[in-house]
Amino acid sequence: MPTAYGSSVEALHDLQSLNDITDITTSLAVLQNGIEYSFVEVTCSDGVQYGLQAYGNEALALNKAAHEIIPIEKELPAMLVL
C-alpha cells in the first residue's frame, strides 16, 4: 500500500531507518531553468530501490539531510554527479 509523505525529507527519514542510501547528488544541482534539484536513492535489503527527488528549497533540505545520515568518510558504491 502506498505511503504519503509531507516531503522528501520525511520519506528519507522513514526509509533510511531500515535501509541504505546508495546514491546521492554530491551537491545541490541547478537545472537549466534555475531551480535547485537533489536526488537520493535508498536501497532495501530485498533489492527494492526508492528514488527521492526534490526541487527548490526542499532540494536543499533533502541534500542536507542525506549528507547528515551518511558520514563523510563512507564511500557510496556509485555516486551520482550532475
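User: How many bridges join strand 3 to strand 4, and which way do the two strands run?

Analyst: Two strands count as paired if DSSP finds at least two bridges between them. Here, seven bridges join strand 3 to strand 4 (residues 49–55), and the two run antiparallel. One facing pair to look for is Glu41, which stands opposite Gly51 in strand 4. In the hairpin these strands form, with five residues between them, Gly47 takes a positive phi near 95°.

User: Before we go on, what sort of model is this?

Analyst: It's a predicted model, where local features need pLDDT of at least 70, side-chain atom pairs count only at pLDDT 80 or more, and totals for chains, interfaces and linings use all residues. Residues are numbered from 1 along each chain as its sequence is written, and side-chain values use heavy atoms, with hydrogens and water left out.

User: Got it. How many helices and strands does the chain have, and in what order do they run?

Analyst: Helices (H or I, at least four residues) and strands (E, at least two) are DSSP runs, numbered from the N terminus. This chain has two helices and four strands. Starting at the N terminus, the order is α-β-β-β-β-α.

User: Is Ser8 buried or exposed, and how about Ser7?

Analyst: The cut-offs come first: buried means under 20% relative accessible area, exposed means over 50%, and partly exposed is in between (1.4 Å probe, protein chains only). Ser8, in helix 1, has 7% and is buried. Ser7, in the segment before helix 1 (8–16), has 24%, so it counts as partly exposed. Over the whole chain of 82 residues, 37% count as buried.

User: What does Ser8 touch?

Analyst: Contact means heavy atoms within 4.5 Å. Not counting residues up to four places away in sequence, Ser8 touches Leu52, Gln53, Ala54, Glu58 and Leu62. Leu62 turns up in the picture for Ser7 too: their C-alpha atoms are 8.8 Å apart, though 55 residues separate them along the chain. For the chain as a whole, take the contacts between residues at least 6 apart in sequence: 51% of them join residues at least 24 apart.

User: Which polar contact does Thr43 make through its side chain?

Analyst: A polar contact is a pair of N or O atoms within 3.5 Å; within protein, one must be able to donate a hydrogen and the other to accept it, and residues adjacent in sequence count only if both atoms are side-chain atoms. The side chain of Thr43 joins that of Gln49 at 3.3 Å. Thr43 sits in strand 3 (residues 36–43) and is buried, because its relative accessibility is 17%. Ser7 gives another example, with its side chain reaching the backbone nitrogen of Glu10 at 3.2 Å.

User: Which residues in the largest nonpolar core touch the most other members?

Analyst: In soluble globular proteins, nonpolar side chains tend to be buried together. A nonpolar core is a set of buried Ala, Val, Leu, Ile, Met, Phe, Trp, Tyr and Cys residues joined through side-chain atoms within 4.5 Å. The largest one here has 15 residues, and Leu12, Ile21, Val40, Val42, Leu52, Leu62 and Ala66 touch the most other members. Helix 1, strand 1 (20–24), strand 3, strand 4 and helix 2 (57–69) each supply at least two residues of this core. Try clicking on Ala66: leaving aside neighbours within four places in sequence, Ala66 is in contact with Leu12, Ile21, Ile24 and Val40.
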